[in-house]
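This report describes the architecture of one protein chain for a reader who is new to structural biology. Please look at the sequence and the structure shown here before reading on.

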Amino acid sequence: NNYQDNIDYFLFYLNLSLILKPQFNEALFIKAQIYQELKIYLQAEEIYKKIHPKHYLYVEGQKNIVIIKKNTKKFNEAEKILIKLIDVYPDENSLIVLLAYLYQTNKQYTKAVKFYTLLIQQPNINNNLLWQIYYRRGICYEKSNKWKKAENDFLKALEIEPEQPQVLNYLAYGWIEKNFYLEKSINMLKKAIKKNPESHYILDSLAWAHYKKNNFSKAVELMERVIDIAPGEAIS
């Protein structure tokens, strides 16, 4: 119940289990996760490397190493690990997702789009993953100043998951910035707020929409809520 307060106890019992069974892969994985959460990245990485390559947690451990490399700004190392893993596990879609996201976070949007598109073309991809891929590819298009393609991807994501607050917000904000569909955008953002009432990003977008419609008192009311939730994040 008090995870942060009990980390020392968790590590004590994990270490005890590893003394009794040094190649206890599940214990290694959990121990590495704890160090990763504590941002003791070097130690976490070394523990993940001890997981046996034939164990079911091996790929997850390698993916976490990639995330550590990304968090420590070692992009090239993260990229090399992922490309090697994809060669070995070509049917593991989660690796391609991570590679595309790695390129996206490194602002290599063309490469990210390439791999998101590859995923979209995969047969029998589940809808929970598909809407996320359309959403992420849409962001890459938007960052590359290809709004029409971005808009199409956000709409496809909403066809799959009509009430996803982050997609509703991103699409609505894009329209608001261009003075398109202001009333429709407001309705979408109201729907998003119901799903995620504490999101200052969505509240900020809604305030901006009301400002654009000259509903200044409503815009101020919403901006005050943004300031309460996240000081410094309100639109100026």
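Helices α2 and α3 are roughly antiparallel to each other. In this predicted model, helix α2 covers residues 25-37 and helix α3 covers residues 41-48. The two pack at an angle of about 165°, and their axes are 8 Å apart. Angles over 145 degrees count as roughly antiparallel, and α2 and α3 are therefore placed in that class. The crossing in which α2 passes α3 is left-handed.

## Further helix pairs

Helix α3 also has helix α4 (residues 58-71) as a partner: their axes come within 9 Å and cross at roughly 160°. The pair α3 and α4 is therefore roughly antiparallel as well, and its crossing is left-handed.

How are α6 and α8 oriented, roughly parallel or antiparallel? The axes of α6 and α8 come within 11 Å and cross at roughly 20°. That makes α6 roughly parallel to α8, since angles under 35 degrees belong to this class. Here too the crossing is left-handed, with α6 passing α8.

The three pairs are set side by side below.

| Helix pair | Axis separation | Angle |
|---|---|---|
| α2 and α3 | 8 Å | about 165° |
| α3 and α4 | within 9 Å | roughly 160° |
| α6 and α8 | within 11 Å | roughly 20° |

## The chain as a whole

What does the secondary structure of the protein chain come to? There are 13 helices and zero strands, so read from the N terminus on, the elements are α throughout, in the order α-α-α-α-α-α-α-α-α-α-α-α-α. The C-alpha trace spans about 70 × 45 × 30 Å along its principal axes. The protein chain has 236 residues, of which 45% count as buried.

## Salt bridges

The structure holds 10 salt bridges. One of them brings together the side chains of K49 and E45, at 3.4 Å from N to O. The two partners differ in their surroundings: K49 is partly exposed, with a relative accessible area of 46%, whereas E45 counts as buried at 8% relative accessibility.

E45 also meets the side chain of K69 in a salt bridge, with an N to O distance of 3.0 Å. Because E45 lies in helix α3 and K69 in helix α4, this pair ties together parts that are 24 residues apart in sequence. The axes of these helices, α3 and α4, were described above as coming within 9 Å. Both E45 and K69 are buried.

A further salt bridge joins R137 and D153, whose closest N and O atoms are 2.6 Å apart. This pair links distant parts of the chain, as R137 is in helix α8 and D153 is in helix α9 (residues 147-160), 16 residues apart. Are R137 and D153 buried or exposed? R137 counts as buried because its relative accessibility is 9%, and D153 is buried with a relative accessible area of 1%. Elsewhere, salt bridges that share partners join E45, E46, K49, K69 and E77 into one network.

## Loops with positive phi

Two loop residues have a positive phi although neither is a glycine. K107 has a phi of about 65° and lies in the loop between α6 (93-105) and α7 (109-120). With 64% relative accessibility, K107 counts as exposed.

N124 has a phi of about 60° and is located in the loop between α7 and α8 (127-143). Why does N124 count as exposed? Its relative accessibility is 80%, and the class of exposed residues begins over 50%.

## A nonpolar patch on the surface

The final feature concerns nonpolar side chains. Y9, F12, Y13, L16, I19 and L20 form a nonpolar patch on the surface. Together these residues have about 750 Å² of accessible area. One of them, I19, is found in helix α1 (residues 7-20). I19 counts as exposed because its relative accessibility is 65%.

Conventions. Residues are numbered from 1 along each chain as its sequence is written. Side-chain values use heavy atoms; hydrogens and water are left out. Patches are made of residues with over 30% relative accessible area and no salt bridge: like charges are joined within 9 Å, nonpolar side chains (Val, Leu, Ile, Met, Phe, Trp, Tyr) within 5 Å. Accessible areas come from the Shrake-Rupley method with a 1.4 Å probe; for residues, only the protein chains shown count as cover. A salt bridge is a side-chain nitrogen of Lys or Arg within 4 Å of a carboxyl oxygen of Asp or Glu. Helices (H or I, at least four residues) and strands (E, at least two) are DSSP runs, numbered from the N terminus. Buried means under 20% relative accessible area, exposed over 50%, partly exposed in between (1.4 Å probe, protein chains only). Axes are lines fitted to C-alpha atoms, for helices over the stretch in contact, and angles run from 0 to 180 degrees between N-to-C directions. Angles under 35 degrees count as roughly parallel, over 145 as roughly antiparallel, 65 to 115 as roughly perpendicular and the rest as oblique. A crossing is left-handed if the near helix is turned anticlockwise from the far one by less than a right angle, and right-handed if clockwise.
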